Amino acid sequence: MKRALICGVTGQDGSYLARLLCEKSYEVWGTSRDSQIANAGNLRALRVEREVRMLSMAQTDFRSVLNTLSRAEPDEIYLLSGQSSVGLSFDQPAESMESIALGVLNVLEAMRFLGISGRLYHASSSECFGDVGTARANESTPFRPRSPYGVAKASAHWLVTNYREAYNLFCCNGILFNHESPLRPARFVTKKIVSAACRIKNGSHERLSLGRLDVTRDWGWAPDFVDAMWRMLQKDEPDDFVIATGISHSLEHFVDSVFGHLGLEWRAHVDIDESLFRPSDIAASMADPSKAERVLPWKSGTPFPMLIRHLVTAELEGQRATS
């Protein structure tokens, strides 16, 4: 039985990954800053809460990381923790850099110090690329991040690459583009849109305030993406991969699709609020996931209309359950 340690197991990706690994008969360990008070709602929703052995770990504290890795003795480490909001990183740039870049460095250094032969997956991000215009970003596209979050993720990405080359550690970067699910926190714009649209469908007279609608993103389905994470660590050699659907849509199209699925005209319910514009933003985000499709092999199995249907259906069921 393989043993996996998921750092950030209570988040969206961590919870879906925990479910996947449990289905593959792994012994799954997970970390949270304080395991005694960790919000296990996502794990509970996926019915794997009792299958995960929780440990407390402060990723910015090297001693805490060292103790956790010594205790878990993992065959595979999935490094998903750290600040996860692009918007929040503009308000908390130092915390973003510390929790992401320093957190990754501590895990890598602990692996080297302990002589751990296990394999590491690191959640890199499409935010590292910045704005590449109409080009589709692949593994060779230069990084030009446009947010403190993107800068921190780019730093962590290169730390992983450096430790792989300098110390022969089996470390992989998954350069993930946007991926959604019903487990997204309320602060994410996709969740904000879906939740408001469903409330309006159910009789709410609220107005939904959004920032720029002309930005484009490649949106995928989170359960598909965690399968790619696992596949990376099953290869003979470590490598980096862009994980995406390869098809981008504007945020306006996302809004129109959500409201349209509910039989609503979005323009009657949405206001544009310039105060929600970011200091700098990525206008277009487009991906080339052909390497992952060829090498892993992995391909997103959830088309955009199905993604919208999944999100809206789950939100309506959730709102009915709490009403």
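The legends below describe close-up views of a predicted model. Local features are restricted to pLDDT of at least 70 and side-chain atom pairs to pLDDT 80 or more, while totals for chains, interfaces and linings use all residues. Residues are numbered from 1 along each chain as its sequence is written, and side-chain values use heavy atoms, with hydrogens and water left out.

**View 1. The open sheet and its strand order.** Seven strands, taken as DSSP runs of E with at least two residues and numbered from the N terminus, form an open sheet in the order 3-2-1-4-5-6-11 with parallel pairing, where two strands pair if DSSP finds at least two bridges between them. The edges are strand 3 (52–56) and strand 11 (241–243), each of which pairs on one side only. From one strand to the next the twist averages 25°, angles running from 0 to 180 degrees between the N-to-C directions of lines fitted to C-alpha atoms, for helices over the stretch in contact.

**View 2. Strand 2, strand 3 and helix 1.** Strand 2 (residues 27–32) is joined to strand 3 in the parallel sense over 5 bridges, and Ser32 stands opposite Ser56 of strand 3. Helix 1 (residues 12–23), helices being DSSP runs of H or I with at least four residues, packs on the sheet and touches strand 1 (3–7), strand 2, strand 3, strand 4 (76–79) and strand 6 (170–176), contact meaning heavy atoms within 4.5 Å. The direction of helix 1 makes about 170° with that of strand 1.

**View 3. The largest cavity.** A cavity is a set of points on a 1 Å grid over the protein atoms alone where a 1.4 Å probe fits but cannot get out, and its lining residues have an atom within 4 Å of a point. The search of the whole structure finds 3 cavities of 30 Å³ or more, and the largest has a volume of about 70 Å³. Its lining consists of Glu180, Ser181, Pro182, Arg184, Thr190, Lys191, Val194, Leu311 and Glu315. Helix 7 (189–201) and helix 11 (304–322) each give two or more residues to this lining, and the largest share, 3 residues, comes from helix 7.

**View 4. The buried residues of helix 9.** In helix 9 (residues 251–261), Leu251, Phe254, Val255, Ser257, Val258 and Phe259 are buried, that is, under 20% relative accessible area with a 1.4 Å probe and protein chains only. Their cover includes helix 7, strand 8 (208–210), strand 12 (249–250), strand 13 (270–272) and helix 11. Gly263, which follows helix 9, has a positive phi near 75°.

Key: On a 1 Å grid over the protein atoms alone, a cavity is a set of points where a 1.4 Å probe fits but cannot get out, and a pocket is an open set with protein on both sides within 12 Å along at least five of seven lines; lining residues have an atom within 4 Å of a point. Grid points are joined across faces, edges and corners, and a volume is the space filled by probe spheres set on the points. Buried means under 20% relative accessible area, exposed over 50%, partly exposed in between (1.4 Å probe, protein chains only).
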